[in-house]
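Let's take a walk through this structure together, beginning at one pair of side chains and working outwards from there. Keep the view open as you read.

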Amino acid sequence: MSVNKLLRIFGRGHEPDIEALSSRLDGRLDAGSAGVLDAHVSACDVCAPALEGLRHTQALLRAMPVADVPRSFRLRQADVEAPVRRPVQGSSVAMRWAPALGGMAAALFVVVLGADLVTRSGSSNVQLAASRENTSATGNLPADHGYTLDSSAGKAQGDVANAPAPAAGETSAAGTTLQATTPEECSQCARVDGDEASSTPRAESGAERPATGSEPTGSPPNGDVNVPAPQTGAPPGVVIPADTGLDTGVATAASAEVARVDVAPAPSPVGELSATSSEYESQGEGNRTGYLIVEIAAAAVAVGAGATLLFWRARRKGAA
Amino acid sequence: MMAVIPLLESRRLMEERIPGAIAGQDTDAEALLVRRALDGDLDSFNGLVDLHQRAVYNLCLRMLGSPPAAEDAAQDAFLSAYRAMRTFRGTAFRPWLMRIAANACTDELRRRGRRPTLSLDAPLAGSDEHIDVPDTAAGPEMEALRAEQATVIEAALLKLPQDQRLAVVMCDVQGYAYEEIADSMQCSIGTVKSRIARGRDKLRRELGSMDSRGR
C-alpha cells in the first residue's frame, strides 16, 4: 500500500466543503481556488462523489419542464379597483397568542378573585369574633344595651353554666330572657368597641379563637359566670352585669363581677386577644394586598389581549 | 436509472422558454413599459405581465407545489406589483417583481398552514398536456422519464426550507445569476451562495435516499 493511499485513507473522515463545491459548479471561484479544489477533488474519495452528486442534482433541476401559464394574468380595471385581501404584517403572531394569553389571564383573575373573597369572609369572621370578645372583656356594658334581661322571671335553678342554652326569646333555666340583637346592630357594642380594653384579672377568660358557635365553657377561675350561648340568635360575648339579681347558683365574689357569656374554651388576657386579632388583621391585609395586585395585573393582561385581538381584526378588515 | 440531460441543452431550452431568464437585464422595450406603468398606465403594466407571467407562475409553482395555489399567488403578485409601482426605484424590474412573487408565495404558504404539499388531484407539471415540451425528438420514453424525474424533484424541493427552496429554484430551475437572486431575496451574495449550496446538498441526499429506497 502506497503512502499516498494511506494518506487518503487517513483523510477519509473529512466532510466535503459543499459551499466550495457548489460555487465551483456555478463558476464562482477564482482561477487559483478552482485549481486547488480540482486537484484535491481528483484525489479525494469523499469530495469527488459529493461534487458528482451536486452536479447530477443541478442537472435534474435544470431539466425540470417549464409549465405554461394556465391563463393570462393581465389585470382588468375591476381587478385593480377591487380590494386585495392580504395578511397584515405581524398580525399572525398577535392573533395566535392573544386569545390564549387573554384566556389564561381571565382564568387567573377569576381564581384570585375567588381566593380573595374567601379570605375576606374568613378575616371578617375573625374580626367579628374579636370585636365580640373585646366587648365581653371590658365588662362595661350597661344593662340596657341591647339585651333585655327579665330579672323578674325568677332565680336561677342550678348551675347556669351547665344549663341548656336557651333559644333566643326563650326563658332560660336561670330565668332570664335574652332578646338578641347582633353586635353590629347594637350601638352600645359599637361604643364599647371604641374603648380601650384594659387587661384585668376578670378578663382572663377571653377568647383565644374566633367564635365558632355556641360552646359553653366551664366557670372561669375569677368567679364569672358563663352563660352558654343560646343555640340561635343571641351572640356570644354578651356581658350580663352581676348586679342584676341573677342568681347563678355559683359562688361569686361580692364585688361587681360580671357574668359573662363566653364561648372561649380557655382563658386568655384581652391583650393576647387583641394581639391575635391584630395578627389576623395584618395577615389578612397582606393577603388582600397581594390578591389585589394579582387581580389588577390579570385584568390588565386580559383587557390588553382582547384589545390586541380587536385591533388586528379591524386592521385585517381594513386591509381586505 | 435516471438519464443525464446535457447541461448546455437544458440551458438553451430554458432561455427559449423564459426569454431573458438567464440574461438578467431589462430590455429597452421593457424599460419603456416600466416608465409608462410608473405613470399609472394599466396597458403598459399588462405588457410587463405578458413578458414575465410565465417566470412568475413557474416560480410560484415550484415554491408551492400546487397549480391552483400557484395561480392564486401569481395573480396576487401582479396585483401587488401594480399597486406598489410607485415604490419601484428604476432598477431592474424582474428582480423586484420576483421579490413580490416570493412574498406572495410566503403569504400563500401562511394561508395554507406553512406546509406546501404536492397536489395529488391537480395535474403535475411535466405530465399535463398544456406543459410545453420543446424537444419532441427525444421521444415519448424520454418525455415519460422527464415527467417522472420532475415529480421526484418536485417532492424533494418541497421538503427544503423556504429560503433554500427559493434560492435553488431561482438559480437552477430559472437560471438567474447570484446577483439577481440576492436582489430579489434582499440578502448578500454570500448568503445566496450558502443557501444554494445547502439546498443542493439536501436535495442530493434526499434523491440518494429515494434511490436507495426504490421510491
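A good place to start is the pair Glu71(B) and Arg71(A), whose side chains meet in a salt bridge with N to O at 2.8 Å. A salt bridge here is a side-chain nitrogen of Lys or Arg within 4 Å of a carboxyl oxygen of Asp or Glu. Before going further, please note that this is a predicted model, in which local features need pLDDT of at least 70 and side-chain atom pairs count only at pLDDT 80 or more, while totals for chains, interfaces and linings use all residues. Residues are numbered from 1 along each chain as its sequence is written, chains are lettered from A and ligands numbered from 1 in the order in which they are written, and side-chain values use heavy atoms, with hydrogens and water left out.

How many salt bridges are there between chain B and chain A? The count is five, and the structure holds 19 over all chains. Another pair to look at is Arg74(A) with Asp50(B), where the closest N and O atoms are 2.4 Å apart. This pair crosses between chains, from the loop between α4 (47-62) and α5 (77-81) of chain A, where Arg74(A) sits, to helix α3 of chain B, which holds Asp50(B). Helices (H or I, at least four residues) and strands (E, at least two) are DSSP runs, numbered from the N terminus. Arg74(A) counts as partly exposed because its relative accessibility is 37%, and Asp50(B) is also partly exposed, at 37%. On this scale, buried means under 20% relative accessible area and exposed over 50%, with partly exposed in between (1.4 Å probe, protein chains only). You can also pick out Asp26(A), Asp172(B) and Arg200(B), which are linked in a network of salt bridges.

Now zoom out to the whole interface. Here 61 residues of chain B are in contact (heavy atoms within 4.5 Å) with 42 residues of chain A. The size of an interface is often given as the accessible area lost when the parts come together. Between chain B and chain A, the buried area is about 4900 Å², and carbon and sulfur atoms give 60% of that. Buried area is the accessible area (1.4 Å probe) that two parts lose on being put together, summed over both. In chain B, the residues that lose the most area to chain A are Arg83(B), Arg200(B) and Arg204(B), together 12% of what that side buries.

Polar contacts add to the picture: 14 residue pairs, both at pLDDT 80 or more, are in polar contact between chain B and chain A. Such a contact is a pair of N or O atoms within 3.5 Å; within protein, one must be able to donate a hydrogen and the other to accept it, and residues adjacent in sequence count only if both atoms are side-chain atoms. Which helix gives the largest share of the side of chain B that touches chain A? That is α3(B), with 12 residues. By class, this side of chain B has 29 nonpolar, 12 polar and 20 charged residues. Ala, Val, Leu, Ile, Met, Phe, Trp, Tyr, Cys and Pro count as nonpolar, Asp, Glu, Lys and Arg as charged, and the others, Gly among them, as polar.

Let's turn to chain B itself. Chain B has nine helices and zero strands, and 51% of its 215 residues are buried. Among its contacts between residues at least 6 apart in sequence, 69% join residues at least 24 apart. One link of interest is the salt bridge of Arg99(B) with Asp183(B), with the closest N and O atoms 4.0 Å apart. Arg99(B) lies in helix α5 of chain B and Asp183(B) in helix α8 of chain B, so the pair ties together parts that are 84 residues apart in sequence.

Helix α8 (residues 178-185) of chain B is largely enclosed by the rest of the structure, because six of its eight residues are buried. Those buried residues include Tyr178(B), Ile181(B) and Met185(B), whereas Asp183(B) counts as partly exposed at 32% relative accessibility. Just after α8(B), Gln186(B) takes a positive phi of about 55°.

Over in chain A, helix α2 (residues 18-25) is mostly covered, with six of its eight residues buried. Among them are Ile18(A), Leu21(A) and Leu25(A). Just after α2(A), Gly27(A) takes a positive phi of about 70°.
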